[in-house]
Amino acid sequence: MLEDTIVAISTPVGWGGLGVVRLSGKRSLPVAKKIFRPKKKGAKIPGRRPLLGNLFDFEQKEFFEEAFLTWHPQPHTYTREDMVEISCHGSPVILEQVVRLAIKAGARHAHPGEFTLRAYLNGRIDILQAEAVNDLIRAVSYKQAKISFHQLEGRLSGQISSLRDQVLHLLSQIEARIEFPEERLRTSTERTARTLENLIQSIIKLIDSYDLGKALTEGITLAITGLANVGKSTLFNSLLEKDRAIVTPHPGTTRDYLSEKMEFKDSVFTLIDMAGLGKPLHPVEKEGIKRGKRLASQADGILLLLDISRKESSEDFRLIDMFKDKKTILLFNKIDLPQKMNTEEVKNRAKSISTLEISALKGTNLGKLKATIHALFIPDLEKDQDIIFHMREKLILEEILAFLVEGQHLLEQGYSEEVYVEEFRKTIPLIGRLTGEIRSDDIINDIFNRFCVGK
Ligand SMILES: Nc1nc2c(ncn2[C@@H]2O[C@H](COP(=O)(O)OP(=O)(O)OP(=O)(O)O)[C@@H](O)[C@H]2O)c(=O)[nH]1
Ligand SMILES: [Mg+2]
């Protein structure tokens, strides 16, 4: 595969001022020379400097375009291979002709992301940096682009490699105790426990940063839920500051769900309004409730509304139970009305869930609600703490965390070094998978298929 010379149009599909065709591989320069003739007869092609010339159709024996050619000799290139860039007018007809001729001259059409894949396979970047390339190109905000740029420069890779160093340090402490049990200078179990605790905390911070990553990209989804008529649609509209959902005094107003983006302090939240989760009054509502339950279970968080102008009911408690394992904020709505609900009793039952009293109609405490949402979902990051944008990374970090926590458990329970050291050793290959040091075809396919052709 790496023996092939690949070619692709690297600029977007369509018409533009300029268009660029890129080649990478051993035969890049010979292939390009068949298509390109310098303006100055016999001029040598310099390294890393654009040379003006004409493009030549060696089949029809005719010139068809003016272009700059830049030769990037290996190894200091994007792919670490010989590369050539042909920059001409941004006409799809011309660009496709250049690619066609390059293929005739011995190149092969590149797959999506294949240039970056080569940079990875040739060891110039790791898989985290490769992901950052695509994140940078597809960034939806300047802030996200900047974070991706730093990751491309190796900031996240640096953090992961420091995690690996910490694990290795931990292992060496424990292994020294196993090998030289009599040694007076050996590290104490307490010290190992401290090293371990620090390591666990840094991994938790990284895992938590995924929420922020999501908030900066596709948005955190929040399902507004509760029984019928508690004020879900009113809250939805108030938070969005627009009259989006229909509000009526009749229970069962909302049947289909609605979703809209809300921005707050750099972050994006997707709010979902839906049918009330109580007993359906109408067959259409039944389907709405089914969908509502599914949406709520898939959401990142729940805003669970209760109507304090009514007495608490077993239905209310059932909902609190239903969402006790999710990130939930319990909202006592309609505080502008006379109170019938025993909120203290409800709070006792809700235990660790955070609560807030609001009036969706009058807008009371909505600023506080936004701040609470932000605090719950967007962790306060230290200045140099990196952010992860991908589920892949989060899942591997969670696996690593699980082994460390299991090891911590065994250590605390007084098991011997030989027993808990095994748990810590299991994290090493996982770190390798995280950075791509351990190659996996699945991961490679999954990541590079998301790229565009030509990158
Ligand atoms: N006084 C007062 N009334 C409210 C408040 N929030 C909502 N309401 C009223 O409660 C009724 C129901 O509000 P909706 O927002 O439609 O409630 P919902 O939960 O979306 O209802 P369904 O879609 O039927 O499940 C409307 O008459 C609202 O004006 C509030 O904070 N205070
Ligand atoms: Mg509604």
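## A buried asparagine

Asparagine 333 touches quite a list of residues beyond those up to four places away in sequence: Val230, Gly231, Leu305, Leu306, Asp307, Ile308, Ile358, Ser359 and Ala360. This is a predicted model, so please read every contact here as a computed one. Asparagine 333 belongs to strand β12, which covers residues 327-333. With a relative accessibility of 2%, asparagine 333 counts as buried, because the cut-off for that label is under 20%.

## The nonpolar cores

Which residues have the most contacts inside the largest nonpolar core? They are Leu235, Phe269, Ile320, Leu330, Leu331 and Leu369, in a core of 55 residues. Strand β11 (residues 301-307) supplies the largest share of this core, with 5 residues. A second core, separate from that one, has 29 residues, among them Leu170, Leu199, Ile400 and Ile431.

Leucine 330 is a good place to start looking at the packing. Setting aside neighbours within four places in sequence, leucine 330 is in contact with Leu304, Leu306, Ile320, Val346, Ala350, Ile353, Ser354, Thr355 and Leu356. Leu306 appears here as a contact of leucine 330, and Leu306 is also touched by asparagine 333.

## The magnesium site

Which protein atoms act as donors to the magnesium ion (ligand 2)? They are OG of Ser233 and OG1 of Thr254, lying 2.0 to 2.1 Å from the ion. The two come from distant parts of the chain, 21 residues apart: serine 233 is in helix α8 (residues 232-240), while threonine 254 is in the loop between α8 and β9 (258-264).

Are these two donors buried or exposed? Serine 233 is buried, with a relative accessible area of 8%, and threonine 254 also counts as buried, at 12% relative accessibility.

## Domains

The protein is divided into domain 1, residues 6-110, and domain 2, residues 220-377. Measuring from C-alpha centre to C-alpha centre, domain 1 and domain 2 lie 58 Å apart.

## Aromatic rings and lysines

A search of the whole structure turns up 4 aromatic pairs. One of them joins phenylalanine 56 and phenylalanine 63, with 5.0 Å from centre to centre and 55° between the planes, a tilted arrangement. Phenylalanine 56 is buried, at a relative accessible area of 11%, whereas phenylalanine 63 is partly exposed, at 48%. Elsewhere, Tyr120, Phe448 and Phe451 form one aromatic cluster.

Lysines sit over rings too. The charged end of lysine 34 is over the ring of phenylalanine 58, 5.2 Å from the ring centre. Lysine 455 lies over the face of tyrosine 78, and here the distance to the ring centre is 4.3 Å.

## Two more residues to find

Threonine 77 is in the loop between β5 (62-72) and β6 (83-90). What does threonine 77 contact, leaving aside neighbours within four places in sequence? The contacts are His72, Met83 and Arg124. Threonine 77 counts as buried, at 8% relative accessibility.

Aspartate 208 is part of helix α7 (residues 189-216). At 38% relative accessibility, aspartate 208 counts as partly exposed. How far apart are aspartate 208 and lysine 394, in sequence and in space? They are separated by 186 residues in sequence and by 8.7 Å in space, from C-alpha to C-alpha.

How values were computed
Residues numbered from 1 in each chain as written. Chains lettered and ligands numbered in written order. Predicted model: local features only at pLDDT ≥ 70, side-chain atom pairs only at ≥ 80, totals over all residues. Heavy atoms only, no water. Core = buried A, V, L, I, M, F, W, Y, C linked by side-chain atoms within 4.5 Å. Buried < 20%, exposed > 50% of the residue type's maximum accessible area, 1.4 Å probe, protein only. Helix = DSSP H or I, 4+ residues; strand = E, 2+ residues; numbered from the N terminus. Contact = heavy atoms within 4.5 Å. Donors = N, O, S within 2.8 Å, 3.2 Å for Na, K, Ca; no water. Domains from an automatic or database assignment. Phe/Tyr/Trp six-rings, centres within 6.5 Å; stacked < 30°, edge-to-face > 60°. Lys NZ or Arg CZ within 6 Å of the ring centre and 35° of its normal.
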